[in-house]
Amino acid sequence: MKKILFLFFIGAFIINPDLASAQCCSAGNPAGGDGSNDGLSKNNWRVFLSYKYSFSEDFYEKTKNIGSLYDQKSYFNYTHFSLTYGLSTRISLYSELGYFLNKTKEINLGEKDIISASGLGDIGLNVRYIALNTVKPISQLVFSAGAKAPIGAFHEELNGAVIPISLQPSSGAFKYNASIFYSRKKATSKFGWNSFALFELSSTINKGFLIYHYGNYFQYALAGTYTFLPNFSLIANSKFEWRGKDKREEGLLIESTGSRVLYLNPQLVYSLPSKWSFVLMSEIPIYKNVNGSQITNQFSFQIGIKKSLSLLNNKTSE
């Protein structure tokens with residue numbers, strides 16, 4: 001009987017995507033990347049590899065925490081790889097690919113049941129154009145545009161039933177984005193700051209059994225940096241995310257989708273003269289305002305390692 005209830009619950013996710021909304025587990029690669037949005041000099045490379053964990057539990061109606069529905073929990077374990085290359089003095093290429101070790105939802109219907117999937121997410125490619133690059137002060141203005149392609153699994157099933165969209169490793173849709181980044185720091189100062197804005201829109205998923213369109217996405221971040229030891233930097237970052245409502249067939253808006261969330265995103269960076277860097281960062285939501293009723297993110301953290309290198313004269317440089 002419990003298995004029947006469980007399968008009925010999954011079926012409700014498929015029939016009514018309102019129930020499937022989960023800010024922690026939106027399909028495809030999590031928004032973010034390697035934490036660097038700058039452009040590189042010609043023939044310079046930057047490689048980044050990271051692991052991210054995210055956990056969601058509380059349901060919200062607008063700004064009100066209403067607790068947990070059916071004792072639900074959602075979480076994912078995610079690995080991310082990105083590569084940035086300085087194609088010329090002005091243009092850099094950025095690519096990324098992610099793999100979900102798991103995207104999981106736990107539901108208590110008398111006993112704990114688990115819906116889970118794993119696999120490749122989306123692959124992304126961006127072109128970054130350095131519009132301004134100065135030495136005194138050290139500053140950059142970078143414009144970027146790109147797309148993500150859904151190369152990962154999007155038909156994951158459990159006991160013959162397709163699992164919710166929010167738990168699929170891939171988003172199932174092509175996504176297109178544009179962004180602007182500006183950073184500024186005096187050469188003699190330990191302090192600096194940067195700002196980043198990104199807009200993303202999605203194509204419509206049309207799989208026959210499913211017609212679905214993700215809402216538009218906007219992100220704005222403002223950060224201050226402080227070098228408190230020769231090799232240590234602390235980044236105090238605030239990030240605002242706006243998500244529009246998703247749509248079904250005939251443009252029908254899905255009520256329990258879309259949100260406005262403000263995060264604190266502190267980062268600690270340890271850099272070595274050999275151009276290796278170790279990164280620790282976290283996301284902590286401090287304000288949530290959702291449409292309808294949605295499960296919301298409690299926290300996430302990410303650890304990563306960067307390596308910068310240059311092909312010029314076979315020397316490692318920035």
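1. On the surface of this predicted model, a nonpolar patch is formed by L87, I91, L93, L125, V127, Y129, F143 and I180, which together have about 640 Å² of accessible area. Two elements, strand 4 (91-108) and strand 5 (112-134), give two or more residues each to the patch, and the largest share, 3 residues, comes from strand 5. F143, another member of the patch, lies in strand 6 (residues 138-149). With a relative accessible area of 37%, F143 is partly exposed, and because a patch residue must have over 30% relative accessible area, that value meets the requirement.

2. Between strand 5 and strand 6 there is a loop that contains P137, and the peptide bond leading into this proline from K136 is cis, with omega near -5°. As a general rule, most peptide bonds are trans, and a reader who is going through the backbone may therefore wish to look at this one individually.

3. Strand 17 (residues 276-310) deserves a paragraph of its own. Strand 1 (residues 44-62) runs antiparallel to strand 17 and is joined to it by 17 bridges, with W45 standing opposite L309 of strand 17. Strand 15 (residues 259-264) is likewise antiparallel to strand 17, here over 6 bridges, and R260 has N289 in strand 17 as its bridge partner. Strand 16 (residues 267-271) pairs with strand 17 over 5 bridges, again in the antiparallel sense, and S271 stands opposite S277 of strand 17.

4. Which residue in the turn of the hairpin formed by strand 16 and strand 17 has a positive phi? The residue is K275, with a phi of about 75°, and the hairpin has 4 residues between its two strands. K275 is not a glycine, and with a relative accessible area of 26% it is partly exposed.

5. N43 is a further residue other than glycine with a positive phi, in this case near 70°. The residue is placed in the loop between helix 1 (2-15) and strand 1. Is N43 buried or exposed? Its relative accessibility is 19%, and because buried means under 20%, N43 counts as buried.

6. The structure holds 8 salt bridges. In one of them the side chains of E96 and K148 meet, at 3.7 Å from N to O, and this pair links distant parts of the chain, since E96 belongs to strand 4 and K148 to strand 6, 52 residues apart. Both E96 and K148 are buried.

7. Another salt bridge is formed by E106 and K112, whose closest N and O atoms are 3.9 Å apart. The two partners fall into separate accessibility classes: E106 counts as buried at 13% relative accessibility, whereas K112 counts as exposed at 55%.

8. K245 forms a salt bridge with E255, the closest N and O atoms being 2.9 Å apart. Both residues lie in the loop between strand 14 (232-243) and strand 15, so the pair ties together parts that are 10 residues apart in sequence. K245 counts as partly exposed at 28% relative accessibility, and E255 counts as partly exposed at 39%. Elsewhere, salt bridges that share partners join K52, K239, E241, R243 and E283 into one network.

Definitions and conventions: Residues are numbered from 1 along each chain as its sequence is written. This is a predicted model: local features need pLDDT of at least 70, side-chain atom pairs count only at pLDDT 80 or more; totals for chains, interfaces and linings use all residues. Side-chain values use heavy atoms; hydrogens and water are left out. Patches are made of residues with over 30% relative accessible area and no salt bridge: like charges are joined within 9 Å, nonpolar side chains (Val, Leu, Ile, Met, Phe, Trp, Tyr) within 5 Å. Accessible areas come from the Shrake-Rupley method with a 1.4 Å probe; for residues, only the protein chains shown count as cover. A salt bridge is a side-chain nitrogen of Lys or Arg within 4 Å of a carboxyl oxygen of Asp or Glu. Buried means under 20% relative accessible area, exposed over 50%, partly exposed in between (1.4 Å probe, protein chains only). Two strands pair if DSSP finds at least two bridges between them.
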